[in-house]
Amino acid sequence: MARKGLIQREKKRQKLEHKYHSIRRSLKNEIRKVTSLSDKWEIYRKLQSPPRNSATTRLRRRCFATGRPRANYRDFGLSGHRLCEMVHTCLLPGATRSSW
């Protein structure tokens, strides 16, 4: 189980990213359209003004059951360890254990 503070920090980042997403997208589109270098630098400065944690690259996918940040499967939203446990107990329909 991940520390609760880390999980809360990630939730805060998600809220910030959602809040500033449209602003960042519009500024990036402006940078593509503008041809003069001085105007691009001005828009780039505006792009740096929102909080750092509002950038999408700062988000980290976590297991929704345990909060583990690594070995996550997007299809299930679970970490590999929890996924294996659920497959072994037949809680995931359609998922089968591999045997070789």
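This briefing goes through the helices, the salt bridges, a surface patch and several single residues of the structure shown above.

The model is a predicted one. Among its elements are helix α1, covering residues 4-33, and helix α2, covering residues 37-48. The structure holds 3 salt bridges, and a nonpolar patch on the surface is made by Leu37, Trp41 and Tyr44.

**How helices α1 and α2 are arranged**

- The axes of helix α1 and helix α2 come within 9 Å of each other, and they cross at an angle of roughly 165°.
- Angles over 145 degrees count as roughly antiparallel, and α1 and α2 are therefore described as roughly antiparallel to each other.
- The crossing that α1 and α2 make is left-handed.
- Ser36 is located in the loop between α1 and α2, and with a relative accessible area of 26% this serine is partly exposed.
- From Ser36 to Arg9 there are 27 residues in sequence, while the C-alpha atoms of these two residues are 39 Å apart in space.

**Salt bridges**

- In helix α1, the side chains of Glu10 and Arg13 meet in a salt bridge, with a distance of 3.7 Å from N to O.
- Because Glu10 and Arg13 are 3 residues apart in helix α1, about one helical turn separates them, and both of these residues are buried.
- In helix α2, the side chains of Arg45 and Glu42 form a salt bridge with an N to O distance of 3.1 Å.
- Arg45 and Glu42 are 3 residues apart in that helix, so about one helical turn lies between them.
- Glu42 has a relative accessibility of 41%, and this residue therefore counts as partly exposed.
- A salt bridge also joins Glu85 to Arg82, whose closest N and O atoms are 3.9 Å apart.
- Both Glu85 and Arg82 belong to helix α3, where they are 3 residues apart, or about one turn of the helix.
- Neither end of this pair has to be guessed at: Glu85 is partly exposed at 36% relative accessibility, and Arg82 is partly exposed with a relative accessible area of 31%.

**A nonpolar patch on the surface**

- Leu37, Trp41 and Tyr44 together make a nonpolar surface patch with an area of about 350 Å².
- Tyr44, one of the residues in this patch, is found in helix α2.
- The relative accessibility of Tyr44 is 38%, which means that this tyrosine counts as partly exposed.

**Residues with a positive phi**

- Ala71 has a positive phi of about 55°, although this residue is not a glycine.
- The position of Ala71 is in the loop between helix α2 and strand β1, which spans residues 72-73, and its relative accessible area of 48% makes Ala71 partly exposed.
- Cys90, likewise a residue other than glycine, has a positive phi near 60°.
- Cys90 lies in the segment that comes after helix α3, the helix of residues 80-88, and with a relative accessible area of 68% this cysteine is exposed.

**Exposed residues and distances across the model**

- Lys19 has its place in helix α1, and because its relative accessible area is 55%, this lysine is exposed.
- Lys19 and His88 are 69 residues apart in sequence, and the distance between them in space, taken from C-alpha to C-alpha, is 40 Å.
- Pro93 is found in the segment after α3, where it counts as exposed at 77% relative accessibility.
- Between Pro93 and Arg68 there is a separation of 25 residues in sequence, and their C-alpha atoms are 23 Å apart in space.

Technical notes: Residues numbered from 1 in each chain as written. Predicted model: local features only at pLDDT ≥ 70, side-chain atom pairs only at ≥ 80, totals over all residues. Heavy atoms only, no water. Patch = residues over 30% accessible without salt bridge, like charges linked within 9 Å, V, L, I, M, F, W, Y side chains within 5 Å. Areas by Shrake-Rupley, 256 points an atom, 1.4 Å probe, with all protein chains shown as cover. Salt bridge = Lys/Arg side-chain N within 4 Å of Asp/Glu carboxyl O. Helix = DSSP H or I, 4+ residues; strand = E, 2+ residues; numbered from the N terminus. Buried < 20%, exposed > 50% of the residue type's maximum accessible area, 1.4 Å probe, protein only. Axes fitted to C-alpha atoms, helices over the stretch in contact; angles between N-to-C directions. Parallel < 35°, antiparallel > 145°, perpendicular 65-115°, else oblique. Left-handed = near helix turned anticlockwise from the far one by under 90°.
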